[in-house]
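The following exercises are to be solved with the sequence and the structure at hand. Each task is followed by a solution that proceeds step by step.

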Amino acid sequence: MRIPAHSVCTAIRDDIVSGVHERGSRLTEELLARRYGVSRVPVREALRTLEAEGFVVTRRHAGACVAEPTEQEAADLLEMRMLLEPLGASRAAQRRTEAHLKVLRGLVRLGQERARRGNSEDLRSLGGWFHETLAQASGSPALTSMLTQLRHKISWMYTVEAPANPVESWAEHGAIVDAVARGDAERARAVTALHTERSTAAHRLRFRAAGDRPERVRNSQHPVNMPSLRH
């Protein structure tokens with residue numbers, strides 16, 4: 001399956017996150033180029049980008065390999081998210097547009113409806129879209145990019161248990177939007193901090209200790225995993 005050259009980085013990242021390329025495995029330009037149906041040039045560029053993001057490391061005599069993050073590195077990501085997501089919500093209260101509010105309110109309505117029905121798969125996707133939109137509403141491309149990278153890396157390192165009370169969780173989403181709509185930056189920060197803290201408790205590492213192999217989360221029957229993962 002051929003994909004556009006500009007999507008190579010996204011495709012490789014998604015396959016790392018989903019477990020197609022396992023932690024510590026080699027990433028050879030030739031094999032990746034064949035897999036994604038492109039030349040080696042965009043693959044080489046993608047590997048540089050992924051190394052800068054922390055998904056890939058270059059090892060002497062081995063070349064590019066999937067990184068093997070430690071438990072401490074994984075824990076640091078959750079701590080960073082707990083600091084940055086409330087900041088993003090605070091900025092969104094100051095900078096959001098009516099278009100952002102319309103999308104956020106629509107996602108909350110859908111999330112609350114799905115929560116009452118108990119559709120956990122829909123809720124996971126809706127939650128991802130909600131937090132992506134909230135980050136975009138911050139009006140800060142740098143912050144949005146950092147939060148997007150954090151979500152990708154957290155999805156790579158953790159599984160997330162469904163909330164015990166999804167209706168309550170989506171009520172928190174609604175409270176965030178209400179604060180953002182009123183322009184109440186401090187309230188938006190506080191509610192998002194509480195929501196993020198609660199969701200962090202549901203994260204479970206995919207690997208037990210530094211150097212251990214993670215549980216496989218996906219097989220490699222399908223050569224390309226195009227959709228971006230959200231959580």
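**Exercise 1.** Is Lys153 buried or exposed, and which side chain of opposite charge is nearest?

*Solution.* The model under study is a predicted one.
Step 1. Locate the residue: Lys153 belongs to helix H7.
Step 2. Determine its surroundings: Lys153 is buried. Setting aside residues up to four places away in sequence, Lys153 touches Glu53, Gly54, Phe55 and Leu77.
Step 3. Look for a partner of opposite charge. The nearest such side chain is that of Glu53, 7.6 Å away, and Lys153 has no salt bridge. A salt bridge would require a side-chain nitrogen of Lys or Arg within 4 Å of a carboxyl oxygen of Asp or Glu.
Step 4. Examine the backbone as well: the side chain of Lys153 reaches the backbone oxygen of Glu53 at 2.9 Å.

**Exercise 2.** Describe the largest nonpolar core and state which parts of the chain supply it.

*Solution.* Step 1. Recall the general tendency: in soluble globular proteins, nonpolar side chains tend to be buried together.
Step 2. Identify the core. The largest one holds 34 residues, and Ile12, Ile16, Leu27, Val56 and Trp156 have the most contacts inside it.
Step 3. Name the contributors. At least two residues of this core come from each of helix H1 (8-17), helix H2 (29-36), helix H3 (40-53), strand S2 (63-66), helix H4 (71-95) and helix H7 (141-157).
Step 4. Compare with the domains: domain 1 (3-64) and domain 2 (69-203) each give at least three residues to this core.
Step 5. Inspect one member. Beyond residues up to four places away in sequence, Trp156 touches Ile16, Val17, Arg23, Gly54, Phe55, Val66, Ala67, Pro69 and Arg206.
Step 6. Note that another core, of 21 residues, lies apart from it; Leu104, Ala137, Val180 and Val191 are among its residues.

**Exercise 3.** Explain why H1 is described as largely enclosed by the rest of the structure.

*Solution.* Step 1. List the buried residues of H1: Val8, Cys9, Ala11, Ile12, Arg13, Asp14, Asp15, Ile16 and Val17.
Step 2. Draw the conclusion: nine of the ten residues of H1 are buried, and therefore the helix is largely enclosed by the rest of the structure.
Step 3. Find the cover. The elements over these buried residues include H2, H3, strand S1 (56-59), S2 and H7.
Step 4. Follow the chain onward: just after H1, Gly19 takes a positive phi of about 95 degrees.

**Exercise 4.** Where does His61 lie, and why does it count as exposed?

*Solution.* Step 1. His61 is found in the loop between S1 and S2.
Step 2. His61 counts as exposed because its relative accessibility is 78%, and the term exposed applies over 50%.
Step 3. The backbone of His61 has a positive phi of about 70 degrees, although this residue is not a glycine.

**Exercise 5.** Why does Ile176 count as buried, and which residues are in contact with it?

*Solution.* Step 1. Ile176 is part of helix H8 (residues 166-182).
Step 2. Ile176 counts as buried because its relative accessibility is 0%.
Step 3. Apart from neighbours within four places in sequence, Ile176 is in contact with Phe130, Leu134, Val191, Thr192 and His195.
Step 4. Compare sequence with space: Ile176 and Ala89 are 87 residues apart in sequence, yet their C-alpha atoms are 7.6 Å apart.

Note on methods. Residues numbered from 1 in each chain as written. Predicted model: local features only at pLDDT ≥ 70, side-chain atom pairs only at ≥ 80, totals over all residues. Heavy atoms only, no water. Core = buried A, V, L, I, M, F, W, Y, C linked by side-chain atoms within 4.5 Å. Buried < 20%, exposed > 50% of the residue type's maximum accessible area, 1.4 Å probe, protein only. Helix = DSSP H or I, 4+ residues; strand = E, 2+ residues; numbered from the N terminus. Domains from an automatic or database assignment. Contact = heavy atoms within 4.5 Å. Lys, Arg positive; Asp, Glu negative; His and termini not counted. Polar contact = N/O pair within 3.5 Å; in protein donor to acceptor, adjacent residues only side chain to side chain.
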